[in-house]
Each structure stands twice: as structure tokens, then as C-alpha cells.
Amino acid sequence: MKFKFLLLSTGLALSSWTASAQTRGVAGLWQRLCGPNPKLDSVYIFQPYKGWGGGLIYEMAENGVGIDSREEVYSDPLHAVFDYQLRMNTRLASSLGASVAFGPVLLCFLREVGPGAGKNRAFSFRWDANFFGLNVQYAKYFAVPGGTMFIDILAPEEQAKKGEGIPVDTDHVAETKSWIVSGIYAFNRHRFSYRAAYNSRSMQRHTAGSWIVAARYTYGMTVMDPTDATLLLLTNGLGRFTTHQASVGAGYSFNWVPYHRDAVGPKDLRGLRNLTVNLTAAPMLTFYSKVIEEDYAHASLFTFKDEIDHRFVNLGRVYPNFIARAGICYSFGHFFVNAWGEFTSFAFRSNPVEHAYETGNRYILSQNGVFSSWSVRLQLNYRF
């Protein structure tokens with residue numbers, strides 16, 4: 001009986017301790033996410049209570065894709081060279097969306113609106129601390145492809161010479177998807193807040209800057225309409241382009257604070273006024289780049305099957321790229337409005353890769369191109 005009583009008492013004590021530990025764990029996590037960071041210099045950074053928040057977003061954006069491919073075909077006794085310059089006929093897209101914030105986390109969803117709106121949409125997840133930022137972006141957009149094809153039929157010993165190009169025009173729409181994961185780390189951890197101009201969860205009281213390091217992974221895929229037989233005939237069947245890139249770099253981020261007035265306290269934000277402008281630039285070096293080109297099988301003017309026949313995998317060279325960002329934020333009480341713009345340009349260049357087929361034909365494929373985007377966003381936010 002005493003043993004059962006002891007066992008029951010021990011169980012109740014453990015349950016109580018476990019529940020208490022869980023409560024402390026949840027409270028501790030809540031405090032870490034929403035409470036002030038004691039390591040920050042309060043002379044330079046004001047930390048309001050960071051609970052829930054929400055916002056409305058308007059964005060203008062344009063995405064560009066340019067891919068230049070050269071395919072050399074050796075089929076005894078002929079040597080054919082196909083140069084194709086693919087360009088997406090991009091357009092300026094306007095989107096509306098909403099955001100939800102909790103502590104350092106910000107979730108955003110955008111969808112294209114307005115006359116002639118397509119199916120463009122975007123989603124992003126941001127984790128902005130004072131000295132680092134993590135951003136995950138997904139975008140899906142549609143555009144009409146176009147470009148120019150150059151075809152040379154040569155003797156085996158002759159070199160290709162570009163002649164008159166064949167314009168490639170189509171009414172079919174191509175689809176592009178992209179995933180971008182990027183991170184920035186600031187070395188001035190105590191007097192500089194990277195997020196001050198972008199989500200105002202911490203505010204820069206006095207002007208400060210910091211050297212930064214940055215890393216970025218980019219995945220992009222452009223897919224032609226498989227029923228666009230004319231375009232695919234001119235591209236020798238190439239209809240799907242995929243790129244993977246990993247880049248690192250270093251640069252500088254600077255917060256200029258022309259005006260600041262303190263609030264009553266971290267939770268009572270009456271009287272708060274703050275205007276912060278940020279400029280961030282970081283040259284990048286792409287150390288890993290893989291480009292995959294795939295051609296559709298059985299393309300002709302009369303029949304077409306949506307299936308992949310051949311895959312050409314090219315490893316790219318080390319190549320320079322960059323990111324640039326600018327933002328401005330004005331806070332007043334529980335409201336803040338911010339606007340920011342970003343431009344990215346990630347180029348790639350691959351080495352020639354040779355493929356041989358059972359028919360005895362040889363193909364040599366080389367490629368270079370660029371994925372670029374720019375966006376300007378205006379956001380009205382409220383923090384609870």
C-alpha cells in the first residue's frame with residue numbers, strides 16, 4: 001500500500017513538474033520571440049513589444065529570363081549549329097496581398113490584380129532578427145516567350161558564323177517558377193538593426209551601419225507550352241530550362257535615421273515617431289551552378305507528345321552576381337508604413353557538354369543566361 005502511495009505521489013509530482021517545465025518552456029520561447037534583447041545597445045536601438053501584427057501590401061514587380069543556348073550537331077557528313085536566344089516578353093505586374101507577423105516572423109502572400117491580370121502569385125517567409133535576416137521566396141509567373149534562332153549547316157571543318165536570325169514569335173504562354181532562399185548576417189550586432197526599415201519590430205534610434213556577409217540559393221524553372229510546336233521546332237525541341245545556383249558574398253548595410261521620437265514605453269507606443277532609411281548592397285560569387293535543359297519528344301507540326309526525351313546537365317563556372325536593396329520605414333504609434341525595392345540579377349555560364357547517341361550523332365551543348373527581377377513594395381502595418 002505504501003509502495004502504491006509512493007508511486008502515485010511520484011507520478012503526480014513528475015506530472016506537475018513536467019507541466020510546469022512545459023509552461024516555463026512556452027513562456028521562455030514567447031519571451032525570446034517577443035521580449036527585448038538585453039544585448040542590444042538601447043541608446044541606438046528601441047525595442048517595442050513584438051507580439052502579433054498584420055498588414056496590407058501593394059507590389060509592382062517584373063521578372064526577366066534570358067537564356068542563350070548553342071547546340072552543335074555532328075551527323076556525318078554534316079555539322080549543324082543551332083544558336084537560340086530565348087527571351088521572356090515580360091510585363092509589369094501589380095499585386096495585392098496581406099501579411100501576418102509574430103515576433104521576428106513575417107508571412108506574406110501576393111496575387112496579381114488589375115486589367116489583364118494573369119495567374120502571377122508569390123509567397124514569402126521572413127525571419128528578421130536585428131543582426132541577421134532569413135528570407136524564403138516562392139514566385140510563379142507567366143509570360144510569352146520570344147527570341148531569335150540562328151542556324152548554320154557546315155562542313156565538318158568549318159566554324160559557325162552567325163548569319164541572319166530567324167525571329168521566333170508565339171502566342172503561347174510559358175511558365176516560370178522560382179524558389180529563393182537568402183540570408184544576411186550583420187557584424188555590428190549591438191548598435192545596428194537590419195530589420196529596422198523593413199518590419200519595424202526593432203527601431204534604429206541613431207544612424208548606424210554594418211559590414212555584412214550574404215548567402216543565396218536560387219532555383220528557377222522555365223517551361224514552354226508543350227503544344228507550341230513551332231517554337232519547339234525552332235529550338236530543336238528544347239522546352240524546359242532549370243537552374244540551381246548557390247552564391248556567397250559580402251557587402252555593407254546602412255541605416256540612416258533622420259528623425260526619431262521615443263514612445264512612452266515598449267508596450268505603450270503613444271508618441272512614437274521614427275523614420276529610418278536602409279541601403280544594402282552585396283556583390284556575390286556563384287560558386288555552384290547547374291543548368292538542365294530538356295527537350296520534348298516527337299515534336300512536329302502535326303503531332304506532339306508532352307514527354308521528356310533527353311536531358312542535358314551542365315555544370316556552370318564560377319560567376320559574379322549581386323543583390324541590392326533599399327527600404328524606408330515611418331513608424332507612428334502602433335502603425336508603421338514601409339516601402340522598399342529590391343533588384344537581383346543572377347547570371348550563369350556553362351561549359352560545353354557532349355552527348356552521343358546510338359545513331360552515331362553527337363551533340364555539344366553550351367549555355368549562358370540570366371534570371372533577373374525587380375520589385376517595389378508598399379506596406380501598411382499594425383502591431384498589437
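Modeller: Before we start: helices here are DSSP runs of H or I with at least four residues, strands are runs of E with at least two, and both are numbered from the N terminus. On that basis the protein chain has two helices and 18 strands. Keep in mind that this is a predicted model.

Colleague: Predicted, fine. How do you know how confident the predictor is along the protein chain?

Modeller: From pLDDT, which is the predictor's confidence in each residue on a scale from 0 to 100. The chain's mean is 77, and 79% of its residues reach 70 or more. Residues 2-7 sit below 50, and beyond near neighbours in sequence that stretch has zero contacts in the model. Residues 297-308 also stay under 50, but there the model has 27 contacts beyond four places in sequence.

Colleague: What makes strand 2 and strand 18 a pair?

Modeller: Two strands pair if DSSP finds at least two bridges between them. Strand 2 (residues 52-75) and strand 18 (residues 362-383) are joined by 22 bridges and run antiparallel, so they pass that test. For a spot to look at, G66 stands opposite V370 in strand 18.

Colleague: Which other strands pair with strand 18?

Modeller: Strand 16 (residues 335-349) pairs with strand 18 in the antiparallel sense over 15 bridges, and W374 in strand 18 is the bridge partner of F343. Strand 17 (residues 353-356) is also an antiparallel partner, over four bridges. There, V353 stands opposite L365.

Colleague: How many disulfides are there?

Modeller: The rule asks for a pair of cysteine sulfur atoms within 2.5 Å, and by that rule the count is zero.

Colleague: And why are C108 and C329 called buried or exposed?

Modeller: Buried means under 20% relative accessible area. C108 has 2%, so C108 counts as buried. C329 has 1%, so C329 is buried too.

Colleague: Let's try a polar one. Why is Q47 classed as buried, given that Q47 is found in a loop?

Modeller: The label follows the area. Q47 has a relative accessible area of 12%, and the cut-off is under 20%, so Q47 is buried. The loop in question lies between strand 1 (45-46) and strand 2. Leaving out residues up to four places away in sequence, Q47 touches P36, N37, L40, S202 and P266. For the whole chain, 44% of the 384 residues count as buried.

Colleague: What makes a set of residues a nonpolar core, and what does the largest one hold?

Modeller: The members must be buried nonpolar residues, from Ala to Cys on the list, joined through side-chain atoms within 4.5 Å. The largest such core has 19 residues, and those with the most contacts inside it are V65, I67, Y84, L86, M224 and F241. Strand 2, strand 3 (78-89), strand 7 (132-154), helix 2 (229-234) and strand 12 (238-261) each give two or more residues to this core. Strand 7 gives the most, with four.

Colleague: Which residues does I67 touch?

Modeller: Not counting residues up to four places away in sequence, its contacts include Y84, L86, F241, E293, F348 and Q367. There is also a second, separate core of eleven residues, with F131, F192, Y194 and F346 among them.

How values were computed
Residues numbered from 1 in each chain as written. Predicted model: local features only at pLDDT ≥ 70, side-chain atom pairs only at ≥ 80, totals over all residues. Heavy atoms only, no water. Buried < 20%, exposed > 50% of the residue type's maximum accessible area, 1.4 Å probe, protein only. Contact = heavy atoms within 4.5 Å.
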